[in-house]
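Please open the model in your viewer and keep the sequence panel beside it, since each stop on this tour begins with a selection.

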Amino acid sequence: MSDNWMSVFKDVLGRTDRSLVGELADTRNAWAHDHAFSSDDTLRALDTTKRLLISVSATEQADAVDKIYRELHRTIYSEQARTITRKTTPVEGAPSAGLKAWRDVVTPHRDVASGQYQQAEFAADLAQVHRGEGESEYSDPIEFFRRTYLTEGLSHLLERAMLRITGKGGDPVVELQTNFGGGKTHSMLALYHLFGEGSAQDLTGVDEMIAQLKLGDLPKVNRAVLVGTAIAAGQTRAKNDGVVIHTLWGELAWQLGGKEGYSMVADSDKSGTSPGSDILTNLLTRYSPCLVLIDEWVAYVRQMYLTDGLPGGSFDANMTFAQSLTEAAKATRNALVVASLPASDIEIGGEGGRHALDRLKNTFSRVESSWRPASAQEGFEIVRRRLFEPITEAQHFAERDAVLVAFSKMYQSNSAEFPHGCGEREYRVQMESAFPIHPELFNRLYNEWGSLDKFQRTRGVLRLMAAVIHSLWESGDTSLLIMPASVPVGATAVQPELTRYMSPQWDSIINSDVDGDGAIPIAIDRETPNLGRLSATRRVARTIYMGSAPTSEESNAGLDDRSVRLGCIQPGEPIGIFGDALRRLSDRATFLYADSGRYWYSIKANVTQVAADRATQIDRADVYAKLTEQLKKDRSRGDFAGVHVAPDGAADVPDEMEARLVVLGPEHVHVRGTAESSARKRVEDILANRGSSPRIFRNMLVFLAPDAKNLGVLETAVRQFMAWDSILNDRETLDLTESLTKQAKAKKTQAEDAITARIQETWRWCLAPDQPDPQGAIEWNETKVSGQDALAVRVSKKLKNDESLMTILGPARLKMSLDRYLWKNENHLNTKKLWEYCASYLYMPRLVNSDVLLNTIQAGIHQTICDHFAYAGRYNEESGRYEGLILTGGGSAVIDSVSVVVKPDVAQEQVEREIPVETCGETPSPDTGGDSGGTGEPESGDGESRLTTSFFGSVELDPDRLGRNAGQIAEEVLQHLSSLRGANVKIALEIHATVPDGIPDDTQRVVSENCDTLKFRSHGFAKE
């Protein structure tokens, strides 16, 4: 067939049939090469074979394959029943207390609960029922009407048919045309049973119609059933009374009147020519009241397209018969002809089918009446009635209503979180009609899944929902309603019903990304207890799959986040958790796409998989280099003079008298309480050495090390960032769409944000050296730092709180260190040497810089009682006297090589020796000649001071280095003078400029204006 398709089969069979041929060819090749076949593979092959045989009108062979198909179903059913509970692990949920689960309110029909529905398959077959075969739900009129919901369209059809048959009105010809699975065959079965052997009064719902129409008992009706797929145009059919049938009109006449009826069209049947409308009128009149049902008419007629010599007659003869039959029905008072015509390509076939449909529609359009298929809301009731027993107890009605009220209130109070209209009364009515199935699930099945060519809206929904309900019933599901999130997509009985209509790749996608045992959503729920408590990620994944898989390749595919929540959340459950689950799932799923707030699954792996592959291939050294680069972007220093990030060695850390933070690189991690960690070894080396020389100012260093446990998570984030960055760089090579490019940019930004956050979590161990005993070993204080500030800021805050780094030092604290370590045997200590001790020895306070020490000294001499230390400008070793001694009352101090801090008792002794009448801190009277601090020299006998009292200096500065030279003068000269008590220092700047070529007018103007602004005492220009 495949080799001769264009020359033989193209005009008769359709595109769908050709795909069946191709699939069977692949199956045959796999079998020939001894490939293994699973049960699902075998069932699919048998189903495909049956469909192709029906298309070519090989009815007997199709029935034989169908028997094998059903037998295999029965064989594997017991195995499915044993494993279904294991495969369908119920999802967790936490709805509001007091609400009853759907299983406690309503019960599935016995065949659905037990799984026996697999044998019936909800296949309404008119020819099979006419032969007296098939399941009781279709062949038994009473059972059929008990399970059938009489929609508005079906009720209208039955009423008009009863009027027509009883001769009280109605239409002679009815055309049923809907998409594949729209309820055509079911409507014909309803007519067939309505006018069957039993009393119509016994049929559920029909008795009310009869009473309303005031018809009484219906008459006995002769019925003829013509099903195009059950009649072979190329074969004759021998009946048990010896009659041999060739054509449709021969079959029609024989069914209505047996051998006698056939004789009325015998000549036309044998010759394959259509009988005229007069003969058919006589036939219908002779056997009226009569009902003629013609199903799959196009499937029969297309076999004759461009083909002559068939027993069934020619294509044109059959088209003529259609016209004659409709005219005859119109002329016969008690005759009704009902025919089904396809509306979807899957039923039409090739060019022959299209041509046949056009001709038939033209014929029927002149006499047929309109017929409405079931609406979506009526479809809810059809499926619900077929799958569930009716609710009969008043308590169960109340429990159902309580659930519906809770859902409505949730939608109303959180209207921004759910699609518009969910909180309205109309939606409440839909929930009641669909109970216990959530309307959102029905909408997805009828809209998205119903758009698939092979998915029959009624039969397909019944098959799928029967499998879903059976799985949930067996697994003990306790959800309030059966929602999209409830569908056990990966269950043994359910998955084939979802994938049979789509490409085989969906099986692996379900197993990996949606609902398999090791699927990503389940892994996320296990990793995150907050999500796992509600199976939140799994429910989100199921909802997205049910709403997007059938339409994944369309331009506006997917669900928005509000629709996802609608399919997931029950009353009483926290809404935010499902948003978190959606975010985590979109970060990790391979086949899940997210764009512009919409989410959908596709058979094409998204760039997430490409990113994951690239991330695993990135070398760790490159990851560490990227991490170091990220660390160096942080320019914050906190209270430190410098921050050194990931130094290559000890030589890269300066040995200076300023507090510095060393941030170790990612290769040097720390484990709490571990002396042998890589970080500890690194900081010990840096603290001890400065390159090849010993480090002197060791008390100026503290260290920040990464946590070994958190570094792995940070590494992952860096790999993801680098992978997404490389994908964006290669977007042209990868041929990324605009949507995928946007996704990659979003993922890169997310990864970058994750790096920033996780750096804060990883670089958390502050290692500060300490030496409580000057003769003992060095100890390391390890402190966990946290917060949202920059790393250096966080460390400096923590150390200041612990007094391990000081920006302020009290005089008492300084005296404590002086007494304990430095001047036990000394009366004074040089200030510069004191600062060097603070910077060098780990047992001294760690000060951020020398200003802290200077401020401490000045604070000490500003006190009213000299009990910590005194300060002197210098110590005269020849005289043994402290010059410029200050005990109290304030004054300026400097840290240099001559100034000293003095023990308070020693300073007091000098003051008392030189001014016996004074006490420490008192101001001498003018006639003593002492200064206000008691530190001046006694005056000589002639009244002149022994100390010089003024200074004058003049220096020429290089105008190109004015700033540097002025700074040196301020530090080396002015600081010493201004620190003296009572000093009055004045500085004047003189500018002399000579320009041989002359000074332009505009320059003179600018300079003059600026001099006025800067308040020069005098300025001007002159000519030589």
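Select Leu 829 together with Val 901, which is its bridge partner in strand 22. In this predicted model, the two residues belong to a pairing of strand 18 with strand 22 (residues 900-902), which is antiparallel and extends over three bridges. Widen the selection to the whole sheet, an open one of three strands in the order 18-22-19, with antiparallel pairing. Strand 18 (828-830) and strand 19 (870-872) are its edges, and because each has a single partner strand, one side of each is left without a neighbour in the sheet. On average, and with direction ignored, neighbouring strands here are turned by 25° against each other. Now add helix 40 (residues 831-840), which packs on this sheet and touches strand 18, strand 19 and strand 22; the direction of the helix makes about 80° with that of strand 18.

Next, move to strand 15 (residues 701-706), where six of the six residues are buried, so that the strand is largely enclosed by the rest of the structure. In a regular strand, side chains alternate between the two faces of the sheet. Colour the two sides separately: Leu 701, Phe 703 and Ala 705 lie on one, Val 702, Leu 704 and Pro 706 on the other, and all of them are buried, which leaves both faces covered.

Which strands pair with strand 15? One is strand 12 (residues 660-663), which pairs with strand 15 in the parallel sense over four bridges, and here you can pick out Leu 661 opposite Val 702. Another is strand 16 (residues 763-770), which runs antiparallel to strand 15 and is joined to it by four bridges. To follow this second pairing, select Pro 706, which stands opposite Trp 763, and then Leu 704, which stands opposite Cys 766.

Stay with strand 16, of whose eight residues seven are buried, so this strand, too, is largely enclosed by the rest of the structure. From strand 16, continue to strand 17 (residues 779-784), to which six bridges join it in an antiparallel arrangement; within that pairing, Leu 767 stands opposite Glu 782.

For the last stop, turn on the surface and select Leu 989, Ile 991, Leu 1014 and Phe 1016, which make a nonpolar surface patch of about 440 Å². Leu 989 is found in the loop between helix 43 (962-978) and helix 44 (1001-1013). Is Leu 989 buried or exposed? Its relative accessibility is 60%, and Leu 989 therefore counts as exposed, the cut-off being over 50%.

Definitions and conventions. Residues numbered from 1 in each chain as written. Predicted model: local features only at pLDDT ≥ 70, side-chain atom pairs only at ≥ 80, totals over all residues. Heavy atoms only, no water. Buried < 20%, exposed > 50% of the residue type's maximum accessible area, 1.4 Å probe, protein only. Pairing = 2+ DSSP bridges. Patch = residues over 30% accessible without salt bridge, like charges linked within 9 Å, V, L, I, M, F, W, Y side chains within 5 Å. Areas by Shrake-Rupley, 256 points an atom, 1.4 Å probe, with all protein chains shown as cover. Salt bridge = Lys/Arg side-chain N within 4 Å of Asp/Glu carboxyl O. Axes fitted to C-alpha atoms, helices over the stretch in contact; angles between N-to-C directions. Contact = heavy atoms within 4.5 Å.
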